[in-house]
Amino acid sequence: MDAMTQPPIIRLHPEDDVVIARQVLPPGTSIGDNVATLARIPAGHKIAVKAQAKGDPVRRYGQIIGFATDAISPGAWVHTHNLGMGDFSRDYAFGRDAKPTQPVAAPATFQGIIRADGRVATRNYIGIITSVNCSAHVAELIAMAFRRNPLTGEDPLAAWPNVDGVVALTHKTGCGMTAGEPLTLLRRTLGGFARHANFSHVIAIGLGCEVNQIGGLLDEQRLSGRLRNMDIQEMGGTRKTVAAGIAFVKEVLDEANKVSRVPVPASELCVALQCGGSDGYSGITANPSLGAASDLVVRHGGTVILSESPETYGAEHLLTRRAVSPTVGQKLVDVMHWWEAYCEREGAEMDANPSPGNKLGGLTTILEKSLGAMAKAGSTNLVEVVRYAEPVTAKGFVFMDTPGYDPVGATGQVAGGANLLCFTTGRGSVFGCKPTPSIKLATNTPMYQRMEDDMDINCGTVVTGEETVQQVGERIFAKMLETASGGRTKSESFDFGAAEFAPWVLGATM
């Protein structure tokens with residue numbers, strides 16, 4: 001349909017009780033079926049098309065997104081003032097909708113870096129991981145010695161063009177923490193980054209007296225022999241440790257630079273799916289478009305990782321229907337039960353997840369947000385459910401248990417082995433996640449035009465009718481191949497990705 005003849009609203013499912021405003025609609029705007037808006041409706045927000053009594057379920061995407069907290073008239077604005085959470089039964093129907101994935105006849109390729117162990121990298125960094133916050137500054141000083149000066153253009157790595165950079169991954173924990181699950185989770189995350197294919201070499205730096213001892217990390221994660229480790233106290237302090245770290249990087253630069261990109265099959269893609277700063281268009285444009293691209297990745301033999309468990313809550317029954325087995329489906333249900341218990345223990349609510357920005361953009365409840373967020377994973381079978389930062393070895397659509405907070409979720413996905421990240425945003429999130437490149441997908445054209453320096457692809461063309469979801473999905477898949485081949489993303493142009501490293505912190509801080 002031509003952009004000039006677009007109707008003022010978007011109807012997503014014939015059984016929906018609400019439609020979505022395509023743009024700002026003044027009072028009295030006809031939306032069809034003898035219904036007109038009763039108030040000004042912000043762009044991306046919901047309008048009732050049916051009368052709803054207090055307590056009635058309200059549907060979007062053909063699914064329940066909440067319950068009327070007051071009577072709602074046709075044409076009324078539907079949002080936090082008259083729509084809230086409520087409990088309802090879910091039919092998990094394990095595997096009912098699972099079906100064979102149709103592989104493509106001629107799989108695509110990209111220009112990847114093949115490591116000695118056969119794994120494929122999309123970037124070639126030297127990494128510095130830290131066992132504890134107390135070693136963060138020392139790690140940063142080492143990385144700083146190899147950082148390009150944006151003012152003078154001086155580049156210490158100019159003689160090693162195949163090295164993408166030296167990155168220090170620092171965090172705020174590692175001591176004052178309890179053993180058991182919190183320490184195991186941190187070590188699993190650090191181990192995942194230490195083993196990541198996008199790192200050619202890695203240094204691990206500790207202080208020496210922390211709970212997360214370097215020796216314990218190396219043993220538990222079986223990292224001995226994979227990296228150089230240093231304790232600041234044993235090395236003789238800050239200056240000597242920094243000097244030793246710089247010397248190590250200089251020592252391995254020539255070896256790290258001896259890589260070349262060669263054609264590899266798209267089955268080597270492992271794509272993390274993320275969203276942040278979502279709005280009312282997220283579930284209409286960028287998320288389903290990324291879902292179409294995800295289906296292409298899987299059909300080409302690759303892997304996609306959906307995460308953000310609190311932002312799947314309320315929609316998990318749609319994923320369990322695609323599970324390849326009852327065991328896999330039950331794993332996802334168990335994840336949701338853990339989050340319910342966690343929220344009860346912490347005095348929190350699952351519906352606290354939609355942020356102020358989400359609500360300003362038109363999202364009302366976590367149920368609504370989840371239904372839109374899960375669209376990123378497309379329509380293929382759910383083949384596995386893994387813990388936070390656990391290595392992802394399955395091919396196809398995998399779910400990883402993570403919080404909904406983007407940096408923490410993405411950190412877990414990259415620790416699991418993701419060598420590419422796609423991030424949808426409606427409000428305008430800026431994000432990177434070294435050593436994995438991040439592709440930013442805008443849900444709407446005004447934000448894309450406002451923040452074009454940060455956005456890689458505009459999915460707002462779906463709203464204007466210029467493209468279909470499938471067409472945008474094909475553009476996203478092409479961008480994945482280009483980026484995996486070494487093409488720089490907008491986030492990389494600003495050197496995003498080190499400060500965003502954020503392991504999930506569980507347990508008490510002592």
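Start by selecting strand S2 (residues 18-21) and strand S5 (residues 46-48): three bridges join the two, and they run antiparallel. Strands here are DSSP runs (E, at least two residues), helices are H or I runs of at least four, and both are numbered from the N terminus. Before you click further, know that this is a predicted model, where local features need pLDDT of at least 70, side-chain atom pairs count only at pLDDT 80 or more, and totals for chains, interfaces and linings use all residues. Residues are numbered from 1 along each chain as its sequence is written, and side-chain values use heavy atoms, with hydrogens and water left out.

**Stop one: the four-stranded sheet**

Zoom in on Val 18 and you'll find Ala 48 of S5 standing opposite. Now widen the selection to the open sheet of four strands, S1-S2-S5-S8, with antiparallel pairing. Two strands pair if DSSP finds at least two bridges between them. At the edges sit strand S1 (9-10) and strand S8 (77-78), each pairing on one side only.

Stay in strand S2 and pick Ile 20. Is Ile 20 buried or exposed? Ile 20 counts as buried, at 1% relative accessibility. (Buried means under 20% relative accessible area, exposed over 50%, partly exposed in between, with a 1.4 Å probe and protein chains only.) Leaving aside neighbours within four places in sequence, Ile 20 has contacts that include Ile 9, Leu 12, His 45, Arg 60 and Ile 284; contact means heavy atoms within 4.5 Å. Try a distance label too: the C-alpha atoms of Ile 20 and Thr 468 are separated by 17 Å, with their positions 448 residues apart along the chain.

**Stop two: Gly 112**

Jump to strand S10 (residues 109-114) and select Gly 112. Gly 112 has a relative accessible area of 0%, so this residue is buried. Not counting residues up to four places away in sequence, Gly 112 touches Val 120, Ala 121, Ser 260, Arg 261, Val 262 and Val 264.

**Stop three: Asn 198**

Next, go to the loop between H2 and strand S14 (199-206), where Asn 198 lies. Asn 198 is buried as well, at 0% relative accessibility. What does the side chain of Asn 198 reach at 3.0 Å? That is the backbone oxygen of Pro 435. A polar atom of the same side chain, that of Asn 198, lies 2.9 Å from the backbone nitrogen of Thr 122.

**Stop four: two helices**

Show helix H2 (residues 181-194) with helix H11 (residues 406-415): their axes come within 8 Å and cross at roughly 55°. That angle makes H2 oblique to H11. To see the contact, select Thr 189, Gly 192 and Phe 193 of H2 plus Thr 411, Val 414 and Ala 415 of H11.

**Last stop: the seven-stranded sheet**

Finally, colour the open sheet S19-S20-S18-S17-S21-S22-S23, seven strands with parallel pairing. Strand S19 (382-386) and strand S23 (457-458) are the edge strands. Inside the sheet, five bridges join strand S21 (residues 420-425) to strand S22 (residues 438-442), and Cys 422 stands opposite Ile 439 in S22. Bring H11 back: this helix lies across strand S17 (270-275), strand S18 (303-306), strand S20 (396-400) and S21, at about 170° to S17. Then add helix H14 (residues 469-484), which lies across S17, S21, S22 and S23 and runs at about 140° to S21. For these angles, axes are lines fitted to C-alpha atoms, for helices over the stretch in contact, and values run from 0 to 180 degrees between N-to-C directions; under 35 degrees counts as roughly parallel, over 145 as roughly antiparallel, 65 to 115 as roughly perpendicular and the rest as oblique.

Technical notes:
A polar contact is a pair of N or O atoms within 3.5 Å; within protein, one must be able to donate a hydrogen and the other to accept it, and residues adjacent in sequence count only if both atoms are side-chain atoms.
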